[in-house]
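Here is a short tour of a two-part model, written to be read with the structure open beside it. Take a moment to turn the view around before reading on.

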Amino acid sequence: MADRPEGHNKPKLSLHVPEPKFRPGDTVDFSDIGVTEPGGQPRPDEACAAQDTAPLCHDLIRVLGDDDEAHGPWDPKLDSETLRTMLGHFALTRAFDERMFRGQRQGKTSFYMKCTGEEATSVAAAMALASDDMVFPSYRQQGVLIARGYPILEMINQIYSNKADKLKGRQLPIMYSSREKSFFSISGNLATQTPQAVGWAMASAIKGDSRIAATWVGEGSTAEGDFHSACTFATVYNAPVILNVINNQWAISSFSGFAGAERTTFAARALGYGLAGLRVDGNDPLAVFAAERWAANRARSNAGPTLIEHFTYRAEGHSTSDDPSGYRSAQEREEWPLGDPIMRLKKHLIALGEWDEERQETLDADCMDRVKKATKEAEKNGILGHGLHHPFRTMFEDVYEDLPWHLKEQAEQAIHERKTKFPEGLPEA
Amino acid sequence: MSESIEKTQASAPGEGETERRLNMIEAINDALSIMLDRDPDVIVMGEDVGYFGGVFRCTAGLQEKFGKTRVFDTPISECGIIGAAVGMGAYGLRPVPEIQFADYIYPGLDQLISEAARLRYRSAAEFIAPMTVRSPFGGGIFGGQTHSQSPESLFTHVSGLKTVIPSTPYDAKGLLIAAIEDNDPVIFFEPKRIYNGPFDGFYDRPVQPWKKHPQSLVPEGYYRIPLGQARIVREGEAMTVLAYGTMCHVAEGVCREKGIDAEIIDLRTLVPLDIETIEASIKKTGRCMIVHEATRTSGFGAELSALVQERCFYHLEAPIERVTGFDTPYPHSLEWAYFPGPIRIGEAIDKLLQD
């Protein structure tokens, strides 16, 4: 063609298919991850122009150093009581995850997802919000519920889909919902919650309310069109919303490169939309708290929305249905340069003289005990597949506000089938 | 006739209320204005609905009257529009988003199917999506592939959604008010072919404006037509015609031309369906013709046909006839060859009566 350069020595076009650096069995070297000096990042005014956050979109906001001390302008200067409360939520979240994972392996439920290594991104973030700010989580923010004091018994009832499950056994385990705790119903469809959070924030602004919204999405799900819609709507209407991107490096078996991480950061996407952007060490509880509080203050004062990339690592498999040894090196978890959020906070409190190993052991034992007791209590209401569930007719309720004729007919059919199955009389349900 | 049926409804306008002649656009505008006025939680939003008043003028003047935070323009993102509306509903608002053409609702489908429709169920009624998605739909306007579609069966197949399609200005206002007040998500499809006047399918004749049609007489104030109630367009004995939207008028026109004493039922709401009115009519007439613009295979006509067969089998004197659009994308130049018009409907009538 005339519009194409002549010659035979032109390179062939080639398709780039991203590949993670390490596969199973590989030796891991994370030295290329830019681990910044704690305290070295500037903290702009919360009401600054979005473009003023540009340097922070490629940097990494860190507070806690290897010396276990807090450094720099992002130090939220939390009192030791608050830090101990945070540590308590961390310990309970991890104990809960351990026990529920085991419960799935024992056949008490069908499914579970841990948040190991990412506890700070939910617990510390939630603590930086007001208790009635609305959160639109994905499925790995159980720490938000725990930080807000939602009873773990109710969480287990939901996981077991038993007769006390507030969601009436309709939802897959961990898809919690709590209007009382301003925790939006979790959906299996990824990133759908992001434009919903923006819409909620718009509604709050329309009504002249003072509440803000925050949403969480994994880095993999930022590739969904919904996330683009959310960022666009957030900026167009200056919605009081925080978009938390949990970059835990992995979307099931796909490394973050498949969401675009090879050439930029997720925080940097904020700038293209005109959102403020912060990139934060997601395993540094103080940095997470400080960034979330900054964004919350910004939103609450009508200064605009913020996108926060929490740079962290998914320490465990994606879910109970996943085996990460099939796609990544087992060394990754050990070598992760930003450590473990719980250990880092614990060591910080010890360095402050506000904590010690003995108290940590007691805390961990107490949490395990609390979870164990709640588990036993929940089991009285039934475990999955063992009879104690909500009555059959509830399957047809809440599809609509009222039961239309076709659902009435189908409900009668279901009850008829049940009577046919148990001619000797219905088991307790 | 339909007048008497509507007058018996509890929510019908009281005696002495002023009535005006409105076309369907004006009736929709009136319904939105009344609801924006009555309920501070009602929000109208969509592409070009604000300052400009909508590409079909359905929202004309509303932003000026109610302000920019009640009636506003949105980015061109159907996913964002529906998604934001779900969030607003969760907050406690009653959003009425507009999708400019039903043909463009697909980018918002995940938000509608996975979110709006399921929210009440999956949260055990902790959160609801009391939204009404308005969207112009249907063909007959040389709209080609992407301004003519009738995607109603994609929505009737989704549990948790209600689907409403008016066919007259009177119904458009009353049904839209009921949809906005409904606590379930409603897909409200407006047949754009009959925005300005009823269309009887005889495209080579002059179009009549709404003002000559009895159903253009619309009460001034608030009234609602309950969802789930069909309207008997005309009573008859020879056969039952099940239709909605534009096709009510086309079926009526063809029956008038051919002198057929058909009972024509305007379904008005597809889900929940008024099965009692349908059953009673077919048990009386023994014959059933279903007419819709949408493509045939897995269209809503298939559901109607199955329901009639299951519930009226021993009363049927002939196989059920389905008159629909062909199973092709909606063509531009061959519009009138595609559209289920007088010839296709006429032949189906002949076939039904000959058995």
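What follows looks at the two chains, then at their interface, and ends with some backbone details.

**The two chains**

Please keep in mind that this is a predicted model. The table sets out the overall figures for each chain.

| Chain | Helices and strands | C-alpha span along principal axes | Residues counted as buried |
|---|---|---|---|
| Chain A | 13 helices, seven strands | about 80 × 75 × 55 Å | 55% of 429 residues |
| Chain B | 13 helices, 14 strands | about 60 × 45 × 45 Å | 64% of 355 residues |

How does the radius of gyration of chain A agree with that of a compact globule? For 429 residues such a globule would have a value near 22 Å, and chain A has 24 Å, so the two agree. Chain B, with 355 residues, has 19 Å against an expected value near 20 Å, which also agrees.

Contacts that reach far along the sequence can be followed in each chain. In chain A, 75% of the contacts between residues at least 6 apart in sequence join residues at least 24 apart. For chain B, residues 24 or more positions apart account for 79% of the contacts with a separation of 6 or more.

**Where the chains meet**

Now bring the interface into view. Here 43 residues of chain A are in contact with 47 residues of chain B. Together the chains bury about 3700 Å², and 60% of that area is on carbon and sulfur atoms. Y91(B), Y121(B) and R122(B) supply 22% of the area that chain B buries against chain A, more than any other three residues.

There are also 26 residue pairs in polar contact between the chains, counting pairs with both residues at pLDDT 80 or more. On the chain B side, the elements giving two or more residues are β3 (71-73), α4 (78-91), α5 (109-116), α6 (119-122) and α11 (300-312). Of these, α4(B) gives the most, with 10 residues. By class, this side of chain B has 25 nonpolar, 12 polar and 10 charged residues.

Two salt bridges link chain B and chain A. In one of them, E409(A) pairs with R311(B), and their closest N and O atoms are 2.4 Å apart.

R122(B) deserves a closer look. This arginine lies in helix α6 of chain B. Is R122(B) buried or exposed? With 6% relative accessibility, R122(B) counts as buried. Leaving aside residues up to four places away in sequence, R122(B) touches L167(A), Q171(A), F184(A), S185(A), I186(A) and S187(A) from chain A, together with S114(B) and E115(B) from chain B. A polar atom of the R122(B) side chain lies 3.4 Å from the backbone oxygen of S114(B).

**Backbone details**

Most residues other than glycine have a negative phi, and most peptide bonds are trans. With that in mind, a few places are worth finding in the view.

K168(A) has a positive phi, near 60 degrees, and is found in the loop between α5 (152-160) and α6 (193-206) of chain A. Its relative accessible area is 26%, so K168(A) is partly exposed.

N238(A) also has a positive phi, near 50 degrees. This asparagine sits in the loop between α7 (225-236) and β3 (241-247) of chain A, and at 33% relative accessibility N238(A) counts as partly exposed.

In chain B, a cis peptide bond joins V271(B) and P272(B), with omega about -5 degrees. P272(B) lies in the loop between β12 (269-271) and α10 (275-285).

Methods:
Residues numbered from 1 in each chain as written. Chains lettered and ligands numbered in written order. Predicted model: local features only at pLDDT ≥ 70, side-chain atom pairs only at ≥ 80, totals over all residues. Heavy atoms only, no water. Contact = heavy atoms within 4.5 Å. Buried area = accessible area lost by both parts, 1.4 Å probe. Salt bridge = Lys/Arg side-chain N within 4 Å of Asp/Glu carboxyl O. Polar contact = N/O pair within 3.5 Å; in protein donor to acceptor, adjacent residues only side chain to side chain. Helix = DSSP H or I, 4+ residues; strand = E, 2+ residues; numbered from the N terminus. Nonpolar A, V, L, I, M, F, W, Y, C, P; charged D, E, K, R; others polar. Rg over C-alpha atoms; globule rule 2.2 N^0.38 Å. Buried < 20%, exposed > 50% of the residue type's maximum accessible area, 1.4 Å probe, protein only.
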